[in-house]
Amino acid sequence: MTTSTVTIKSRGSITIDTATCKGCELCITACPPEVLSMSTAVNHLGYHYPQLHPGCTGCSACLFICPDFVFEIFKFDTPTLTEVQVDDSFATTVAAGVGEMNA
Amino acid sequence: MTAVDTRAAAHLMEGSEAIATAAVAAGCRFFAGYPMTPFTEVLENFAKQLPPVGGVCINAESELEAVGMAWGALSTGSRAATGSTGQGLSLMQESFSEITLAELPLVIFNMARGGQDYFQSTRGGGHGDYRHMVLAPMDIAEAAELTQLAFFLADKWRNPVLVYGDYLTAHTQQSVSIEPIDFGPVPDKPWAVNGELNGTGNSRIVSPLGFAKTGHESVGIERHLRRMQAKFAAIEKAEVRVETGYVDDAETIIVAFGTPAKFVRYVVAQLRAEGEKVGFVRPITLWPYPYETIAQVSEGARSVGVFELCGGQMIEDVRLGVLGRAPVVGIGGISTDGSGFGVGPLLDVDIIRERILAIHRGGAQAELPPLPDNERG
Amino acid sequence: MTVTQPQPVGPVLDTSVAPPGAKKIADIKPDLLLTGEHHMCPGCGEPLALRIYLEAIQELGLAQRTIGVAGIGCYTSFSGTMDVDLVQALHGRAPSVATGVKRMKPEAIVFTLQGDGDMVNEGLQEILHTAARGENVTCILLNNGVFGETGGHMTATTVIGQRTKNSLEGRDAEYHGYPMLIGDLIAQIQGASYVARGSVHNAGAVARTKRMFKRAFESQANNEGFSFVEVLTMCPTGWFIPTGDGPDYLQDTLAEIHVMGELKVDGVVHNTEQLVAENTRKAEEAAAAKARDLADKTGA
Ligand code: SF4
Ligand code: SF4
Ligand code: SF4
């Protein structure tokens, strides 16, 4: 599998109060640019919690769908850019504009 | 120069009008009820009298809703009341329990059909450990006074008070003058909701569950219920009201409350004038009950008769008061008019006199004359 | 139904503190909530509705004149955490209690908070009469089609086929009867001025529902009469499904019958066909927006 470097743009960001998360994963599927994943670690309640990857738009979808008041949402005046190594299937998916990015 | 009489002029008025007038004089500004004979006219009078003083009377779609509306009005700190007959109050019992546990000063009017709601009034049909003060007027003038007292006691103790009348209380007329009575100061209502403290961390909660807002000490349901018991004990100490007559050397004591007590009082006075050693006890508060008075007067008595228009309900409290000091016998009974709404032929001075004399002469074992039948036989 | 998990790329970013140089646009919890902590199940929809109606009250500048009346259900645990004057009512009775509050405090904004068991089972008569009286209060229904608090029993809004502890093979119309569409029913009542049915199964629905709350509270502030907002909420526990499946289950079962949308605005009733068309359009828009976001991520 070949990989390439892409630049991911983050127009926003979030904070995550991992201690109050109950691991329902609603935020994961709610995030439109798909930049949240669940941790492998667990919090003191024994729940996995979300973690943020580059590409947040600051859209607040995670906050709106989280039943446990875990998120704060921020916007950058100038987007931050992050260079990431991805395999080619990622680039293909993005190019096709398809909503799901399943490997 | 003649002094100006500032008292409200006495008017001939129906009991239902007197009750509403007295309630408004006591500052009641909200009433909700559902029509039911013989309570209907109480509702009518509130509907007439509240709007002119800026109050609200709602013709509720059911008794459940009536009591709920009063609950809401009380939560804002307003003086509010509801009422019905015993039948309608049956529907309200769940809310009565919770309103008591939420410590809201509800005033309730029962214009009872017949006289069969003693258990309901004093024990209640609701759930849990709760108590209502119960005031039982013997006539319209007293109903007007006790109505005002009810609003005072409710605020003083943050506890519901029930005024127990009947067909005659609501539907007969008497000349009464009603003016506001000052029973003394009542506590402020810092718990009343208005929204002004929202967002400050000090918003309020009116809850029967012992809940407090986050950040404030929450007593929890068990401690809350125990505190309620302590309050009930204090009410029992402080609020017993009872009238007695000719009890000091009485051989026969008759206990009666409400309208029937007015008849009993009259008959006992008559018998005394004739030299018969009879006396009476008239509980004005049915809860707290005048157990101590009953105990004292039964000490030297040969028998204690209980005159009530039902199969025998208050007699249980009389027995608890007498506690074996004298035999206790029921001399009343079920007696209604043909409709079941009003009172029957048993409420008659001559008939009551015969029944009192029967136990006065023959003791508790004496055979009572048969109960009179109503017009439908 | 299985939910496909997104596969984000790149490193895990530090989200324990506010990112430098960014401005905060949404707070962790509404100002009118004393704490975000609660004992609701993972994936429950009720806290989502709580957030948005509290935000709506705050944003409309009504915070210091609002009084709530809560019924009995899982959401009763918010009675102590909402920083709003509150009267705790009995199961079913909140609209009557709210009536008494409003009549004595006409300047207050009075709302009720009830579940479907509370409002549509136990207290149906009270909500309908309160609407018919045109009582100037806002009643909020959190509708998940199940008694969540007792452990997942059938309510009057449970949809046909839905499995509950007392409809084990699914609600069967012949045996259990049909669900009540309470929002539709209230929309027909003359005293109701604004009636809407929202949902919290995705962020777009949450945002729409927040606008519904705003319109309802505005209508009360303008003395327009009774207003009603029903919110379909996830109850994965009472639906006996994995928490992550809640939103799709809601969309495919509850929302099929209890159709979302504004059922009555300014006294004009909207019919189900109009609402369905609107919902389809909104879903398409959301999908397009998501595709744009994904493309934009790398389109620096
Ligand atoms: S703010 Fe929007 S883009 Fe950012 S993590 Fe939350 S849902 Fe995803
Ligand atoms: S939605 Fe909230 S509670 Fe659920 S996993 Fe995400 S952060 Fe945790
Ligand atoms: S039972 Fe249902 S409604 Fe209750 S907290 Fe759990 S998910 Fe929410």
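How many nonpolar, polar and charged residues does the lining of the largest pocket have? By class there are 22 nonpolar, 11 polar and 11 charged residues in that lining, where Ala, Val, Leu, Ile, Met, Phe, Trp, Tyr, Cys and Pro count as nonpolar, Asp, Glu, Lys and Arg as charged, and the others, Gly among them, as polar.

Before selecting anything, note that this is a predicted model, in which local features need pLDDT of at least 70 and side-chain atom pairs count only at pLDDT 80 or more, while totals for chains, interfaces and linings use all residues. Residues are numbered from 1 along each chain as its sequence is written, chains are lettered from A and ligands numbered from 1 in the order in which they are written, and side-chain values use heavy atoms, with hydrogens and water left out.

**Stop 1: the largest pocket**

Select C:His201, C:Asn202, C:Ala203, C:Gly204 and C:Ala286, which are the closest to the centre of the largest pocket among the 44 residues that line it. The volume of this pocket is about 1400 Å³, a volume being the space filled by probe spheres set on grid points that are joined across faces, edges and corners. A pocket here is an open set of points on a 1 Å grid over the protein atoms alone, where a 1.4 Å probe fits, with protein on both sides within 12 Å along at least five of seven lines, and lining residues have an atom within 4 Å of a point.

Next, colour helix H1 (26–30) and helix H2 (61–65) of chain A, then helix H7 (203–221), helix H9 (246–257) and helix H10 (272–298) of chain C, each of which supplies at least two residues of this lining. Helices (H or I, at least four residues) and strands (E, at least two) are DSSP runs, numbered from the N terminus. H10(C) gives the most to the lining, with 11 residues.

**Stop 2: the two domains of chain C**

Colour chain C by domain, with domain 1 covering 46–269 and domain 2 covering 271–300; such bounds come from an automatic or database domain assignment. Because both domains give residues to the lining of the largest pocket, that pocket lies between them. Their centres, taken over C-alpha atoms, are separated by 26 Å. Eight residues of domain 1 of chain C are in contact (heavy atoms within 4.5 Å) with seven residues of domain 2 of chain C. These two domains bury about 530 Å² between them, 56% of it on carbon and sulfur atoms, where buried area is the accessible area (1.4 Å probe) that two parts lose on being put together, summed over both. Select C:Arg208, C:Val259 and C:Met260 to see the residues that supply 67% of the area domain 1 of chain C buries against domain 2 of chain C, more than any other three residues.

**Stop 3: where chains A and C meet**

Show chains A and C together, since of the two pairs of chains in contact this pair shares the most contacts. The contact takes 61 residues from chain C and 61 residues from chain A, and the area buried between them is about 5200 Å², of which carbon and sulfur atoms give 65%. Five salt bridges are found across this interface, a salt bridge being a side-chain nitrogen of Lys or Arg within 4 Å of a carboxyl oxygen of Asp or Glu. Zoom in on C:Lys290 and A:Glu34, whose side chains meet in a salt bridge (2.9 Å, N to O).

**Stop 4: chain B against chain C**

Now bring in chain B, of which 41 residues are in contact with 34 residues of chain C. B:Glu65, B:Asn198 and B:Thr214 supply 18% of the area that chain B buries against chain C, more than any other three residues. Two salt bridges are counted between these chains, and C:Asp85 and B:Arg204 are worth selecting, as their side chains meet in a salt bridge (2.6 Å, N to O). Chain A and chain B do not touch, and their nearest C-alpha atoms are 16 Å apart.

**Stop 5: inside chain B**

Finally, select B:Arg158, B:Trp191, B:Ile205, B:Phe211 and B:Ala212, which lie nearest the centre of the second largest pocket, lined by 24 residues. This pocket has a volume of about 570 Å³, and H8(B) provides the largest share of its lining, four residues.
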